[in-house]
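The following explanation leads through the structure shown below, beginning with a single residue and ending with charged pairs.

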Amino acid sequence: MVYLEWPVFLSSVQNMFLNKPNKTRYSVKYKNGKVALKVTDDQECLQFLLDPKYDFEKLENINAWFLSNMSRLPTEQSSV
Amino acid sequence: MVRSGPDRFVKRLSSLYEEHKDHGTVWVTMKRIGEGKKHPDSGCLIRATDGKRKISCFIASSSKVTEFEPQLHAIMKAHFLGGVKTPQRTRKQPVSSKKKKTT
């Protein structure tokens with residue numbers, strides 16, 4: 001498993017979604033107190049491992065970004 | 001797959017996290033669904049599963065996101081930050097060193 005650094009992961013997943021909004025899916029996996037974020041467009045897979053005790057704000061930020069962009073109409077989608 | 005409204009989804013997700021706080025895995029997946037034959041509206045499909053049970057909800061507009069997002073974060077915060085058990089340490093009782101006076 002290859003886990004990226006947060007700034008690289010965040011910019012990469014946002015670019016992936018903006019390029020392929022209908023193919024990209026974002027998953028949050030919770031196991032044994034650890035959270036693994038995975039974003040894929042069926043061609044590339046980007047992962048980030050975080051400890052919610054220290055990085056919960058990052059989880060909130062990325063959740064908010066995906067929720068707002070995925071629910072918007074195509075013309076309303078904004079970049080970072 | 002059980003499709004429900006956002007409020008009911010949040011309650012079911014909370015129970016999923018509660019059941020698996022000591023063991024197992026819970027996945028939450030978000031995917032954008034575009035307009036098509038099957039879906040007249042575009043929006044965000046949110047799914048959750050523990051490997052056996054599956055639940056989902058569909059959020060069509062950004063206004064519903066503003067209601068749903070804080071609920072989702074509240075549940076994640078409650079279970080992620082409060083679900084990790086620390087190993088209990090056994091306390092050793094201090095040995096009392098009382099000297100007996102002999103007369």
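Contact here means heavy atoms within 4.5 Å. The model is predicted. By that definition of contact, and leaving aside residues up to four places away in sequence, A:D41 touches A:M16, A:K20, A:K23 and A:T24. A:D41 itself is placed in the loop between β2 (34–40) and β3 (45–50) of chain A. Its relative accessible area is 8%, and because buried means under 20%, A:D41 counts as buried.

The side chain of A:D41 also reaches into the backbone of its own loop region: the backbone nitrogen of A:Q43 is reached at 3.0 Å, and that of A:E44 at 2.8 Å.

One of the residues that A:D41 touches is also its partner in a salt bridge. Side chains of opposite charge can pair when their charged atoms come close. In the bridge between A:K20 and A:D41, the closest N and O atoms are 3.8 Å apart. A:K20 lies in the loop between α1 (6–19) and β1 of chain A, whereas A:D41 lies in the loop between β2 and β3, so the pair ties together parts that are 21 residues apart in sequence. Unlike buried A:D41, A:K20 is partly exposed, at a relative accessible area of 28%.

The next subject is the interface of the two chains. Between them, chain B and chain A bury about 2600 Å², of which 63% is on carbon and sulfur atoms. Of the area that chain B buries against chain A, 29% is supplied by B:M30, B:R32 and B:F80, more than by any other three residues. The contact takes 34 residues from chain B and 31 residues from chain A.

Strands meet across this interface as well. Strand β1 (residues 25–31) of chain A is joined to β2(B) by 7 bridges, and the two run antiparallel; A:K31, for example, has B:T25 as its bridge partner in β2(B).

What of polar and charged pairs between the chains? The count is 5 residue pairs in polar contact, while the rule finds 0 salt bridges across the interface. The side of chain B that touches chain A divides into 17 nonpolar, 11 polar and 6 charged residues.

Over all chains, the whole structure holds 6 salt bridges. Among them is the pair B:E19 and B:R53, with the closest N and O atoms 2.9 Å apart. This pair links distant parts of the chain, 34 residues apart: B:E19 is in helix α1 (residues 6–19) of chain B, and B:R53 in the loop between β3 and β4 (54–59). B:E19 is partly exposed at 42%, as is B:R53 at 38%.

Notes. Residues numbered from 1 in each chain as written. Chains lettered and ligands numbered in written order. Predicted model: local features only at pLDDT ≥ 70, side-chain atom pairs only at ≥ 80, totals over all residues. Heavy atoms only, no water. Helix = DSSP H or I, 4+ residues; strand = E, 2+ residues; numbered from the N terminus. Buried < 20%, exposed > 50% of the residue type's maximum accessible area, 1.4 Å probe, protein only. Polar contact = N/O pair within 3.5 Å; in protein donor to acceptor, adjacent residues only side chain to side chain. Buried area = accessible area lost by both parts, 1.4 Å probe. Salt bridge = Lys/Arg side-chain N within 4 Å of Asp/Glu carboxyl O. Nonpolar A, V, L, I, M, F, W, Y, C, P; charged D, E, K, R; others polar. Pairing = 2+ DSSP bridges.
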